[in-house]
Amino acid sequence: MTKLTKVASVVLITVFTLLLLSFSAGIRVNYTESYPTGLYIVSSSTPKKGDLVNFCPPDSAVIRFAYTHRLVATGFCEHGYGQLMKAIVATTGDTIETTPYGLRVNGHLLKNSKPLNVDGLSIYTAHKYTLLKDEVLLMSTFNPTSFDGRYFGVISTKHITSVVEPLFTFIASPNIQFMGRNGGPSLPPEKPRGLL
């Protein structure tokens, strides 16, 4: 073995060990534009409205389409899907409704929630649907072009794997602000960069 090969081997083993230790310590990496790129840490708190969560997408026609078109990565969830990171914007008892302008939660229009017209991608529709026990609506409160609940709709809380919090991000962390009582999160609009 040459000296360069030995050094490269040690570096690779060290990096792999650090990644394993970080993962077991609850550190997660977000590399998508749905939320700021960077490191997030798993929290032991129970998921609630406004929390940022990781979840395994349920198997559905919309998720299969998104997976085929690389909107959902390959990962360790059932059916080979990768986890997604979104915010909980509606929970049990909240009423959601789709409009031409976006999604409403309890009558309040969520900013950045207008669905984009993407060939072949279904858009979720709800006509004053009240979420049942253990149902949530998950959206990106950071990027208006995210692949989120405006496409895959309401999901069961059983798909949520963890609450996460920003640890170190490369751009400003999401600033979730509510638009009145029981309203949804809002952020200033961002220039669309395609569906994420």
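In this report, buried means under 20% relative accessible area, exposed means over 50%, and partly exposed is in between, with a 1.4 Å probe and protein chains only. By that yardstick Tyr35, at 1% relative accessibility, counts as buried.

The model is predicted, and local features need pLDDT of at least 70, side-chain atom pairs count only at pLDDT 80 or more, while totals for chains, interfaces and linings use all residues. Residues are numbered from 1 along each chain as its sequence is written, and side-chain values use heavy atoms, with hydrogens and water left out.

## Sheets

Let's start with the strands. Helices (H or I, at least four residues) and strands (E, at least two) are DSSP runs, numbered from the N terminus. Two strands pair if DSSP finds at least two bridges between them.

Seven strands make up an open sheet with antiparallel pairing, in the order β1-β2-β11-β3-β4-β9-β10. At its edges are β1 (27-30) and β10 (155-156), each of which pairs on one side only. Inside this sheet, β3 (residues 52-55) and β4 (residues 84-90) run antiparallel and are joined by four bridges. Leu52 stands opposite Ala87 in β4. Strand β4 also holds Val89, which is buried with a relative accessible area of 1%. From Val89 to Leu52 the C-alpha to C-alpha distance is 9.5 Å, and the two are 37 residues apart in sequence.

Another open sheet has four strands in the order β7-β6-β5-β8, again with antiparallel pairing. Its edge strands are β7 (108-109) and β8 (129-130), each pairing on one side only. Two bridges connect β5 (residues 95-99) with β8 in the antiparallel sense, and Thr95 stands opposite Thr130 in β8.

## The disulfide

A disulfide is a covalent bond between the sulfur atoms of two cysteines. Here the term is applied to a pair of cysteine sulfur atoms within 2.5 Å, and a search of the whole structure finds one. Which cysteines form it? They are Cys56 and Cys77, with their sulfur atoms 2.1 Å apart. Cys56 lies in the loop between β3 and α2 (61-68), and Cys77 in the loop between α2 and β4, so the pair ties together parts that are 21 residues apart in sequence. The torsion about the S-S bond of Cys56 and Cys77 is about -70 degrees, so the disulfide is left-handed. Both cysteines, Cys56 and Cys77, are buried.

## Aromatic pairs

Rings of Phe, Tyr and Trp (its six-membered ring) pair if their centres lie within 6.5 Å; planes under 30 degrees apart count as stacked, over 60 as edge-to-face and the rest as tilted. The structure holds five aromatic pairs. One of them joins Tyr35 and Phe142: the ring centres are 6.1 Å apart and the planes are at 25 degrees, so the pair is stacked. This pair links distant parts of the chain, with Tyr35 in the loop between β1 and β2 (38-43) and Phe142 in the loop between β9 (135-139) and α3 (149-152), 107 residues apart. Phe142 counts as buried at 13% relative accessibility.

Phe147 and Tyr151 are also stacked, because their ring centres are 6.0 Å apart and their planes are at 10 degrees. Phe147 is buried at 0% relative accessibility, and Tyr151 is buried with a relative accessible area of 2%. Ring pairs link these two residues with Phe55 and Phe152 into a cluster.

## Salt bridges

Side chains of opposite charge can pair when their charged atoms come close. A salt bridge is counted when a side-chain nitrogen of Lys or Arg is within 4 Å of a carboxyl oxygen of Asp or Glu. The structure holds four salt bridges, including these:

| Pair | N to O distance |
|---|---|
| Lys48 and Asp51 | 3.3 Å |
| Lys49 and Asp94 | 3.1 Å |
| Asp59 and Arg64 | 3.1 Å |

Lys49 lies in the loop between β2 and β3 and Asp94 in the loop between β4 and β5, so their salt bridge ties together parts that are 45 residues apart in sequence. Buried or partly exposed: what is Lys49? Lys49 is partly exposed, at 22% relative accessibility, whereas Asp94 is buried at 8%. Asp51 is buried at 12% relative accessibility. In the remaining pair of the table, Asp59 is partly exposed with a relative accessible area of 37%, and Arg64 is partly exposed at 41% relative accessibility.
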